Amino acid sequence: MSIDVLGLQTTISRSISLSGIAVHSGENVSISFHPADPDTGIVFNRTLPSGDVISVRAVSSQVGSTDLCTLLGKAPDRSVATVEHLMAALYALGVDNISIDLDGSEVPIMDGSAAVFIEALDNAGLTNHAVKRRYIRVIKPVRIEMGGSWAEFSRHNGTRFEIDIDFDTPLIGRQSWKGEVTADTFRRELARARTFGFMRDVERLWASGHALGSSLENSVVIGDDDKVINVEGLRFRDEFARHKALDAVGDLALAGAQFIGCYRSYRGGHKLNALALRALLADPSAYEVVEAPARRDTVRHGELVAVNAAAFAPWAL
């Protein structure tokens, strides 16, 4: 059964603001979201301590470090980190164009999931532009391997994620999440899944300047006895796999367009997701750019037609 997709680009209907702690720097960050014009894409505007504002587009070519989080920007002092949960929310709800202002180096972690961003975007509402949305449709398999991990794109008449994880702890072990990613499934099955970590890694992370804002309020913490320390426990039995799927949605949102296909990974993370996306976009024979034949709110997958990819390559900007 074919699923309807949006035929027109969108933005939010009104500006909204949030504030919270940055999970790695520990700083307090204010973040605001504003409507943007068609073909703007997703743009982060960071105010530096000097008062200068630097802008970074949320596209694959701007991915810098992928250690512990996804960072946009090549220079550490002119970058925006921990974008993946917000990007996942924007992708799942179908927000194409938005301007995001923040006064720190990271997107705030909120409760460690995408749920707060989903709620805020729902409250703002979406508005359609009278401009066609374009999709990246996978037309042949692309696979990469990295040690004992792998990831691949394949053809699929929808947007499907199949994420497998395998941790050497009885609490997690082998888990998977598989499903079509729509706004509804993301809200129900992925949005509330929180980031997680091990107590044994805390001192090492602190020493390297990471996880300074991490707490039981924004992370699932696994103790030395392989049990969850958080008093409330897990939100899902397989919350760990669901969060890895959430991360994958956010990392692949940096394609610069929604994609049609299936993404599978085994023992993946931010680095593997970024490398897989880069491999797909580097092979023009592996995908085509498609759009609706006419300006309509929704269309069927089978109605999408190929267009000139050379005129639409935001991931290269």
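Let's start at Glu-288, which is partly exposed, with 23% relative accessible area. This is a predicted model, so everything here describes computed coordinates. Glu-288 forms a salt bridge with Arg-137, and their closest N and O atoms are 2.7 Å apart. The pair ties together distant parts of the chain: Arg-137 belongs to strand β9 (residues 134-138) and Glu-288 to strand β17 (residues 287-291), with their positions 151 residues apart in sequence.

A word on the chemistry helps here. Side chains of opposite charge can pair when their charged atoms come close. Across the whole structure, a search finds 20 salt bridges, and a few of them make a nice set to look at in turn.

Take helix α3 (residues 183-190), where Asp-184 and Arg-187 sit three residues apart, about one turn of the helix. These two form a salt bridge, with 3.7 Å between the closest N and O atoms. Asp-184 is partly exposed at 48% relative accessible area, and Arg-187 is also partly exposed, at 31%.

Now turn to Arg-242 and Asp-238, whose side chains meet in a salt bridge at 2.6 Å, N to O. Here both partners are buried: Arg-242 has a relative accessibility of 15%, and Asp-238 has 9%. Elsewhere, salt bridges that share partners join Arg-143, Glu-145, Glu-152, Arg-160, Glu-162 and Arg-264 into one network.

From charges, let's move to the strands around β7. Four of the five residues of strand β7 (residues 98-102) are buried, so the rest of the structure largely encloses this strand. Which strands pair with β7? Strand β4 (residues 28-35) runs antiparallel to β7 and is joined to it by five bridges, while strand β5 (residues 42-47) pairs with β7 in the parallel sense, also over five bridges. If you would like landmarks for tracing these pairings, Phe-33 has Ile-100 as its bridge partner in β7, and Ile-42 has Ile-98.

Val-43 gives a good view of this region from strand β5. With 12% relative accessibility, Val-43 counts as buried. Val-43 and Ser-99 are 56 residues apart in sequence, yet their C-alpha atoms are 5.1 Å apart in space. Leaving aside neighbours within four places in sequence, Val-43 is in contact with Ile-98, Ser-99 and Ile-100, and also with Ser-55, Val-56 and Arg-57.

Next comes helix α1, together with the residues on either side. How many of its residues are buried? Ten of the ten are, so α1 is largely enclosed by the rest of the structure. Among the buried residues are Glu-84, His-85, Tyr-91 and Leu-93. After the helix comes Gly-94, with a positive phi near 80 degrees.

On the other side, Thr-82 lies in the loop between β6 (53-57) and α1 (84-93). Most residues other than glycine have a negative phi. Thr-82, which is not a glycine, has a positive phi of about 55 degrees. At 5% relative accessibility, Thr-82 is buried. You can find another such backbone at Asp-226, where phi is positive and near 60 degrees in a residue other than glycine. Asp-226 lies in the loop between β15 and α5 (239-252), and Asp-226 is partly exposed, with a relative accessible area of 26%.

Glu-84 of α1 also leads us to His-270, since Glu-84 is one of the residues in contact with His-270. Apart from its neighbours within four places in sequence, His-270 also touches Thr-66, Leu-68, Cys-69, Thr-70, Asp-247 and Asp-251. His-270 is placed in helix α6 (residues 270-281). Is this residue buried or exposed? His-270 is buried, with a relative accessible area of 9%. An unreviewed UniProt entry annotates His-270 as "active site".

Let's finish on the surface. Met-199, Leu-216 and Ile-229 make a nonpolar surface patch of about 230 Å². Of these, Leu-216 lies in the loop between α4 (202-207) and β15 (220-222), and at 39% relative accessibility Leu-216 counts as partly exposed.

Note on methods:
Residues numbered from 1 in each chain as written. Predicted model: local features only at pLDDT ≥ 70, side-chain atom pairs only at ≥ 80, totals over all residues. Heavy atoms only, no water. Buried < 20%, exposed > 50% of the residue type's maximum accessible area, 1.4 Å probe, protein only. Helix = DSSP H or I, 4+ residues; strand = E, 2+ residues; numbered from the N terminus. Pairing = 2+ DSSP bridges. Patch = residues over 30% accessible without salt bridge, like charges linked within 9 Å, V, L, I, M, F, W, Y side chains within 5 Å. Areas by Shrake-Rupley, 256 points an atom, 1.4 Å probe, with all protein chains shown as cover. Salt bridge = Lys/Arg side-chain N within 4 Å of Asp/Glu carboxyl O. UniProt positions renumbered as here; feature names shortened; annotations may be inferred. Contact = heavy atoms within 4.5 Å.
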